Amino acid sequence: MVLTFALFVGTAVVGVGLYVVLVLRGEMRTAMQQTLRDQADRIAVQIAQEPDPAQRGRIVNNLSELRDLHIAVVTPDTTYQPSSRAVPSLPVDPLIDVSALQGQSDETMRFAQHESADGQRFFLAALYRPASNLIVQVGQPPPRLYRLAQRSQVVLVLGMILALMLALIGSFIAAYQVTTPLTRISKTARRVAEGELTGKIRVDSRAAEFQDLAESLNRASDTFREKIEELERMTRLQSEFIGNVSHEVRNPIFSISGYLEALGTPGLDDEQRKMYSEKALTNLNRLQNLFNDLIDIARLEYREDLINRSVFDLKDLVNEVAEMLRPKAEEKALDLQADVPRFFVHADRSRIRQVLTNLIENAIAYTGEGSVRCRVQRRLDKVRVEVVDTGQGIDEDHLDRIFERFYRVDPDRSRESGGTGLGLSIVKQILQAHGEDIHVESTKGRGTRFWFELPYEPEPEAVEA
């Protein structure tokens, strides 16, 4: 990554530097040539206008002294050069042969560079004008502006080298700042892929993009860990569920098989046959209830459309369930209280009837003496339904698990009463399908209280009015 970044940046810097140097050098050469051409044109005009050879020599001397130029004028008869010792003379026509220039039919301009014996550099221009049949050679040392431009070229080259070095250093630092967080993220992602989901990605970079990436990966890791833990929990529950179902199904089947074999025994009287038949039928009903409950749970888990909401009077439903279960309460001499006020709720009436039936039936089954009460009260936009008993209560260790499938606080009593161990699990599934929760409070030896809430609705007559 560092080499790639340095390659691109270095190529750009070198390219720009070379372009500027070449363009600047070309512009300097062009400007110098144009200056010498203008000088040669003006000198040629002056020399051509003066026919006197002596006067031509003076013009060459004067121009050489005043303008710091090295001038030589060549005619077919005479060569004019400055006679002053202060102005060193240059060789006449170092560009090309004079005869070659004179052989041209058009005005010709040639340029060259010359270095004197003392190492001084000169720019030369030779102009041939066929109209006046003379050659004007002009030499000039580099002016200050030209030397300044040359120094600018050196400075530019040094700056280009320095910029390239800074680009390499900057690319290394930038690559380090980029690759270090990415390396840490890559290592953490590799650990996550290998199953180590406990580590967190920590990035020291101040870049918001890396912080967001690390936070997103941490959230993804947490989500994966939660999903895996949930899958592991569901796997355990599934194993327990399969074991419980096989156990719950095996017992009634063995009982039915035993009673049927007993019915086939010769010499039984009618009373014994009736007893065996009733016991086999009881176990068969127990098995049927088990499968019905399992089907209800599966339908509630995978099909939320089974909840058909409507507005109904909760008082009528409580009275209906209470009247159905009152004989069971009277058999145990329990006081079943269900005198509740009138409230309308928005829920599935048949499913809430199933909830109330399971809760009140459980309360009756686990209460030896005292009472079972169903209470209803309004709380803001909800209606709270409570089922309270004075039974044996539930240990605190069991409260978190009583809504699990096949979980029984007292397995022997549940089986004696014909329970499947799925009643409270069905209650929880029904209320969750309504978007509500079931709650429980219990004190060992003093009783238990279950409660849930339903959406309140005004009376239909009030709505129509």
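1. G370 is partly exposed, at 39% relative accessibility. This glycine sits in the loop between α8 (349-365) and β9 (371-379). The model is predicted. Setting aside neighbours within four places in sequence, G370 contacts A333, L334, D335 and T390. One of these pairs can be put in numbers: the C-alpha atoms of G370 and L334 are 5.7 Å apart, across 36 residues of chain.

2. A333, one of the contacts of G370, deserves a look at its backbone. Its phi is near 60°, a positive value in a residue other than glycine. Most residues other than glycine have a negative phi. A333 lies in the loop between α7 and β7 (335-337). Is A333 buried or exposed? A333 is exposed, because its relative accessible area is 65% and the cut-off for exposed is over 50%.

3. L380 also needs checking. Its phi is near 60°, positive although the residue is not glycine. L380 is in the loop between β9 and β10 (382-389). At a relative accessible area of 75%, L380 is exposed.

4. G435 has a positive phi too, of about 80°. G435 comes just after α11. Helix α11 covers residues 423-433 and is mostly covered, with 8 of its 11 residues buried. The buried residues of α11 are G423, L424, S425, I426, V427, Q429, I430 and L431.

5. Now the chain as a whole. It has 12 helices and 12 strands. Of its 465 residues, 36% count as buried. The accessible surface is about 27,600 Å², and carbon and sulfur atoms account for 53% of that. Take the contacts between residues at least 6 apart in sequence: 64% of them join residues at least 24 apart.

6. Salt bridges come next. Side chains of opposite charge can pair when their charged atoms come close. How many salt bridges does the structure hold? The structure holds 12. One of them pairs R349 with E320, with the closest N and O atoms 3.1 Å apart. This pair links distant parts of the chain: R349 is in helix α8 and E320 is in helix α7 (residues 314-331), 29 residues apart. R349 is partly exposed, with a relative accessible area of 29%. E320 is partly exposed as well, at 33%.

7. E361 and K328 form another salt bridge, at 2.3 Å from N to O. This pair also links distant parts of the chain, with E361 in helix α8 and K328 in helix α7, 33 residues apart. E361 is partly exposed, with a relative accessible area of 27%. K328 counts as partly exposed, at 38% relative accessibility.

8. E441 forms a salt bridge with R449, and the closest N and O atoms are 2.8 Å apart. How does burial compare across the pair? E441 counts as partly exposed, at 41% relative accessibility. R449 counts as buried, because its relative accessibility is 18% and buried means under 20%. The pair belongs to a network: salt bridges that share partners join R375, E386, E441 and R449.

9. The surface carries a patch of negative charge. Which residues gather in this patch of negative charge? They are D395, E396, D397 and D400. D397 is in helix α9 (residues 396-399). D397 is exposed, with a relative accessible area of 68%.

10. A nonpolar patch also lies on the surface. V154, V157, L158, I161 and M165 form this patch, with about 440 Å² of accessible area together. V157 is in helix α4 (residues 144-193). At 32% relative accessibility, V157 counts as partly exposed. An α-helix has 3.6 residues a turn, so residues three or four places apart point the same way.

How values were computed: Residues numbered from 1 in each chain as written. Predicted model: local features only at pLDDT ≥ 70, side-chain atom pairs only at ≥ 80, totals over all residues. Heavy atoms only, no water. Patch = residues over 30% accessible without salt bridge, like charges linked within 9 Å, V, L, I, M, F, W, Y side chains within 5 Å. Areas by Shrake-Rupley, 256 points an atom, 1.4 Å probe, with all protein chains shown as cover. Salt bridge = Lys/Arg side-chain N within 4 Å of Asp/Glu carboxyl O. Lys, Arg positive; Asp, Glu negative; His and termini not counted. Charge placed at Lys NZ, Arg CZ, Asp CG, Glu CD. Helix = DSSP H or I, 4+ residues; strand = E, 2+ residues; numbered from the N terminus. Buried < 20%, exposed > 50% of the residue type's maximum accessible area, 1.4 Å probe, protein only. Contact = heavy atoms within 4.5 Å.
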